[in-house]
Amino acid sequence: MSVWDDLVGQDPAVAVLRKAVAGAAAVLRGERGAAVAGMTHAWLITGPPGSGRSNAGRAFAAALQCANQGCGECNECRTALSGAHPDVSLIRTELLSIRVSEVRELVRRAAMSPTQGRWQVMVIEDADRLTEQAADALLKSIEEPSPRTVWVLCAPTVEDVVPTIRSRCRLLVLRTPPVAAVAEMLSRKLEVDQDLAWFAARAAQGHIGRARALARDEEVRERRNKVLEVPFALRDLGACLKAAQQLLDAAKVEAKASAEKVDEKERSALEQALGVGTKGAKPREANAALKELEDQQKARAKRWERDVLDRSLVDLMALYRDVLVVQTRSGSELINAELHRNIEQLAARTTPEQTVRRIDAIGMCREAIEANVAPLVALEAMTVSLFEGRSDGFTIPRRVLR
């Protein structure tokens with residue numbers, strides 16, 4: 001067992017981080033030169049969604065604190081991985097951005113010497129969501145770090161981080177985990193049968209969290225099946241509009257269910273901290289604090305809804321990719337192998353050019369929603385384009401921008 005066990009299919013990246021941890025240990029021993037060459041004070045870990053960026057950042061932080069360089073069993077490893085270590089600061093957001101106030105607090109802690117551990121490690125799991133002001137607040141601390149401070153930033157791509165920040169970090173790129181590695185992990189850790197493990201690994205397309213959910217939750221698999229039924233239900237304009245509405249409604253229901261699990265707990269905890277509901281006068285700042293929490297929860301719900309929609313669109317794109325594989329006879333493995341008969345039927349009555357245009361239409365829909373276009377309008381434009389087999393008809397008037 002070690003802190004690196006959850007980094008599925010990332011052996012090259014793990015090797016780099018292990019070398020860095022050895023270099024950090026050499027620094028603490030007062031060594032110089034080649035012994036410390038693998039270590040630096042600022043890292044930028046990038047990789048596709050679900051590849052394990054955040055896990056890599058946490059594992060690196062734990063290994064830096066561990067006397068055995070990441071055994072996974074000591075108190076330092078366990079507390080660092082869980083976020084309870086006093087010298088490991090983890091910042092992530094479920095909102096649309098990381099605010100400057102959060103970064104300033106992180107910068108303040110970064111200037112301190114380690115209280116118990118070997119290093120002061122600052123992990124920003126969503127560095128791509130730093131506001132411009134937050135990035136400016138972070139820059140000086142990365143440029144002139146304290147001697148025992150290490151910054152670890154995580155983002156989908158290097159382009160998602162502002163140039164002034166990324167140019168001062170060592171880049172570590174994670175790859176999409178191979179299907180075989182993900183399937184092996186599911187069989188070993190979740191103890192699911194091999195067929196289900198391989199199905200979940202293929203369907204997740206390298207997203208470890210998605211693979212876990214597909215392997216252990218039948219409702220997740222059923223929701224995915226309903227998304228994949230969309231292309232076969234587009235028989236006329238009315239069916240296109242209905243399918244778009246169903247995609248949006250399903251995303252809202254799933255996002256709402258996830259939000260309700262945490263919203264009430266957060267509100268109760270805040271009310272208790274403010275003394276709301278106890279005898280005596282209601283604290284003056286209570287209404288403002290509760291209103292701020294409500295606004296944050298609404299922003300988080302919006303982000304979760306977008307995430308669910310995007311995942312559905314990725315599943316649709318994978319289906320049309322499979323259609324193109326059949327049409328071009330490329331011999332590549334189908335992502336949705338369990339639907340091979342439906343895919344072959346769809347491939348037989350369309351052309352490769354139409355399939356490419358449909359894939360383009362889904363990509364345009366993803367970009368439109370990311371650009372804050374009203375989701376229903378973007379989805380309706382997409383489903384109509386899927387029905388017609390064209391992407392040049394995907395146009396959205398400016399008036400629908402929100």
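**Where domain 1 meets domain 3**

Let's start with a zero: there are 0 salt bridges between domain 1 and domain 3. Keep in mind that this is a predicted model. Polar contacts come out the same way, with the rule finding 0 residue pairs in polar contact across the interface of domain 1 and domain 3, counting pairs with both residues at pLDDT 80 or more. So what sits on the domain 1 side that touches domain 3, by class? There you'll find 4 charged residues, along with 2 nonpolar and 1 polar.

It helps to step back to the layout of the chain. The domain assignment splits it into domain 1 (10–173), domain 2 (179–232) and domain 3 (237–388). Domain 1 puts 7 residues into its contact with domain 3, and domain 3 puts in 8. Going by C-alpha atoms, the centres of domain 1 and domain 3 are 30 Å apart. How much area is buried between domain 1 and domain 3? The figure is about 690 Å², with carbon and sulfur atoms giving 48% of it.

Now for the aromatic rings. The count is 1 aromatic pair, and the partners are Trp-43 and Phe-60. A pair of aromatic rings is described by the distance of the centres and the angle of the planes. For Trp-43 and Phe-60, that works out to 5.3 Å centre to centre and 70 degrees between the planes, and planes over 60 degrees apart count as edge-to-face. Trp-43 belongs to strand β1 (residues 42–46) and Phe-60 to helix α2 (residues 53–65), so the pair ties together parts that are 17 residues apart in sequence.

Notes. Residues numbered from 1 in each chain as written. Predicted model: local features only at pLDDT ≥ 70, side-chain atom pairs only at ≥ 80, totals over all residues. Heavy atoms only, no water. Domains from an automatic or database assignment. Contact = heavy atoms within 4.5 Å. Buried area = accessible area lost by both parts, 1.4 Å probe. Salt bridge = Lys/Arg side-chain N within 4 Å of Asp/Glu carboxyl O. Polar contact = N/O pair within 3.5 Å; in protein donor to acceptor, adjacent residues only side chain to side chain. Nonpolar A, V, L, I, M, F, W, Y, C, P; charged D, E, K, R; others polar. Phe/Tyr/Trp six-rings, centres within 6.5 Å; stacked < 30°, edge-to-face > 60°. Helix = DSSP H or I, 4+ residues; strand = E, 2+ residues; numbered from the N terminus.
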